[in-house]
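This report is meant to be read beside the sequence and the coordinates, so that each feature can be looked up as it comes.

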Amino acid sequence: MIPAPRSVHELEGELVLPAGATVSGPPEARAVVRRLLSPGTGLALEAADRGTLDVALDDSLGEEAYRLEVGDDVRITAGGLAGVGWAVQTLRQLLPPSTLTPGGTGEALVLPRVRIEDEPRFGWRGVMIDVCRHFMPLRDLYAFVDLLALHKYNVLHLHLTEDQGWRFESLLHPRLHTVGSTRPQSQIGPGGPLDGTPHGGWYTQDQLRSLVAYAAERGITIVPEIEFPGHVTAALKAYPELAVPGHRVDEVGIAPGIYDNVISTDDASMAVVLDVFTELLDVFPSTFIHVGGDEAPRVQWLGSEESTALAEHRGLPDAGHLQRWFTEQLRDWLAERGRRLIGWDEICDEGPLPGAAAMAWRGPEKGVEAARAGLDVVMAPITATYFDYYPSELAEEPYSIGGLITTETAYGFEPLEGLDEASAARVLGTQCQVWTEYMPDLSRVEYMLWPRACAHAEVAWSDPAGRSFAEFSERLAQHTARLDALGVNHRPESGPLPHQQGGTGVFRRIN
């Protein structure tokens, strides 16, 4: 099983679930079991007083904790509906891989007899997907959610805006998505060839509401990210008046990399920002709202007379402090509405930002600094959780941004390293990242994500005591049968299959 449960006690024999298997327990818990188990098994799972599968809720357990016993029948005890969901995901992994598919194959529903006690190590177990550099169709996001749930991830960080495309529908400022969502073409790597093909797409607010509800039914919270004050080229193409005076944007970003473009942060641009976040809060109920904050160069602000005057009017040392002012305003605005700001670790570059949470990406030391300063932290370092990096040094790997993070590197990451007990308590959890500059579709995303995300899922969920990559590798070799059954384009640990290689074209490895 992946991730490994906290305690597994194998019993003798097997249990075959009959075609007429029933389910008992609270109605809301029965609904979770049916939702997750019925499609692949074909079981109707009608209600009964004492079902083949019995579910009980025990508030002495944590919300995500559960006990699962397979004997003469199946007994689940969980602290909450989330725990019921994770118990069923474990049950799905105990069944034949074919039962993971929506239709199943009619294979006998054989379960090993076993007693499992389990609960997660961290409360934030996340995956970030960038749908801006390459748009991911909505139907693919539903499949993405299902795969995360199978691995007991509970946060989907949805990166919705970028230089290269704006993906969130704004009813108040519609040019953001009607204009900002489409770039005229894409550049394959820095200084690389242009493909000459327009690329775009956006999600309507109702589509996203549906996705949020679907994910919530599977124990996953979607944390949205609207990126400000940098990475805003698409927004500035839509509304040039948001730009620093004198820095007009001619097109949505084509090339990868960091752009100098930032919003002016004057009163008019701030009004648009708050309009967008007002719409965002109406769609996403998550407590945490991600505001980006990374890679916002100061060059346009510092070279602008208007920005210098604005900073002076606000009592700031210089225009380079406009980002800190912006983030503080947004933090307070969100707090007034019962939400919490989370941003990439640059939000702390001028010192800790009280009340906010930091997502440490530039290295684990950034998370250590923030936690020691009293901030809540999500550990997402570039050294171990950036799965846009190459998974191996093989020349056959498809063209990627660079760097190297193997499955073993991902598995060896320890989110609490270097932290004392008090600081460690401020680590909410850990998250892996999928930036899609070099991933044109879901197939490439799956190749880069799995099985490294299998390793990271275990880092996020399981007890680290006695952890062994060799032992994990044995379980992973069995787990890939589940990924195969689901049709996931995962990367074999031995290297890419012929159809997964970069070849000799634009995705040939050159770095």
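What follows treats strand pairing, a buried glutamate, the enclosed cavities and some backbone details.

The coordinates belong to a predicted model, and the remarks below should be read with that in mind.

**Strand pairing**

Strand E15, which covers residues 357-360, runs parallel to strand E16, residues 376-379, and 4 bridges join the two. Within this pairing, Ala358 has Val377 of E16 as its bridge partner. Between the two strands the chain passes through helix H11, residues 364-372, and the resulting β-α-β crossover is right-handed. E16 also pairs in the parallel sense with strand E17, residues 427-434, in this case over 3 bridges. Val377 appears here too, standing opposite Val427 in E17. Taken together, Val377 is the partner of Ala358 and also faces Val427, which places E16 in pairings with E15 and with E17.

**A buried glutamate in H15**

Helix H15 spans residues 452-461 and includes Glu458. Is this residue buried or exposed? Its relative accessibility is 2%, and because the cut-off for buried is under 20%, Glu458 counts as buried. When neighbours within four places in sequence are left aside, the contacts of Glu458 include Met1, Ile2, Pro3 and Ala4, and they also take in Tyr411, Arg467, Phe472 and Arg475.

**Enclosed cavities**

Rolling a probe the size of a water molecule over the atoms shows where empty space is left. In this model the count comes to 3 cavities of 30 Å³ or more, and the two largest are set out below.

| Cavity | Volume | Lining by class |
|---|---|---|
| Largest | about 90 Å³ | 5 nonpolar, 5 polar, 3 charged |
| Second largest | about 50 Å³ | 6 nonpolar, 2 polar, 2 charged |

The largest cavity is lined by 13 residues, of which Arg183, Gln187, Ile254, Pro256 and Glu437 are the closest to its centre. The lining of the second largest cavity is made up of Asp388, Tyr399, Ser400, Ile401, Trp435, Thr436, Glu437, Tyr438, Met439 and Met448. Glu437 therefore belongs to the lining of the largest cavity as well as to that of the second largest, given that a lining residue has an atom within 4 Å of a cavity point.

**Backbone details in loops**

Two peptide bonds that precede a proline may be inspected next. The bond from Phe228 to Pro229 is cis, with omega near 0°, and Pro229 is located in the loop between strand E12 (221-225) and helix H6 (233-238). The bond from Trp450 to Pro451 is likewise cis, with omega near 20°, and Pro451 lies in the loop between helix H14 (442-449) and H15, the helix that holds Glu458.

Positive phi values deserve a separate look. His231, which is not a glycine, has a positive phi of about 55°, and this residue is found in the loop between E12 and H6, where Pro229 is also located. Glu295, again a residue other than glycine, has a positive phi near 50° and sits in the loop between strand E13 (288-290) and helix H8 (299-302). As for accessibility, His231 is buried, with a relative accessible area of 2%, whereas Glu295 is partly exposed, with a relative accessible area of 26%.

Technical notes: Residues are numbered from 1 along each chain as its sequence is written. This is a predicted model: local features need pLDDT of at least 70, side-chain atom pairs count only at pLDDT 80 or more; totals for chains, interfaces and linings use all residues. Side-chain values use heavy atoms; hydrogens and water are left out. Two strands pair if DSSP finds at least two bridges between them. Helices (H or I, at least four residues) and strands (E, at least two) are DSSP runs, numbered from the N terminus. A crossover is right-handed if, with the strands pointing away from the viewer, the path from the first strand over the helix to the second runs clockwise. Buried means under 20% relative accessible area, exposed over 50%, partly exposed in between (1.4 Å probe, protein chains only). Contact means heavy atoms within 4.5 Å. On a 1 Å grid over the protein atoms alone, a cavity is a set of points where a 1.4 Å probe fits but cannot get out, and a pocket is an open set with protein on both sides within 12 Å along at least five of seven lines; lining residues have an atom within 4 Å of a point. Grid points are joined across faces, edges and corners, and a volume is the space filled by probe spheres set on the points. Ala, Val, Leu, Ile, Met, Phe, Trp, Tyr, Cys and Pro count as nonpolar, Asp, Glu, Lys and Arg as charged, and the others, Gly among them, as polar.
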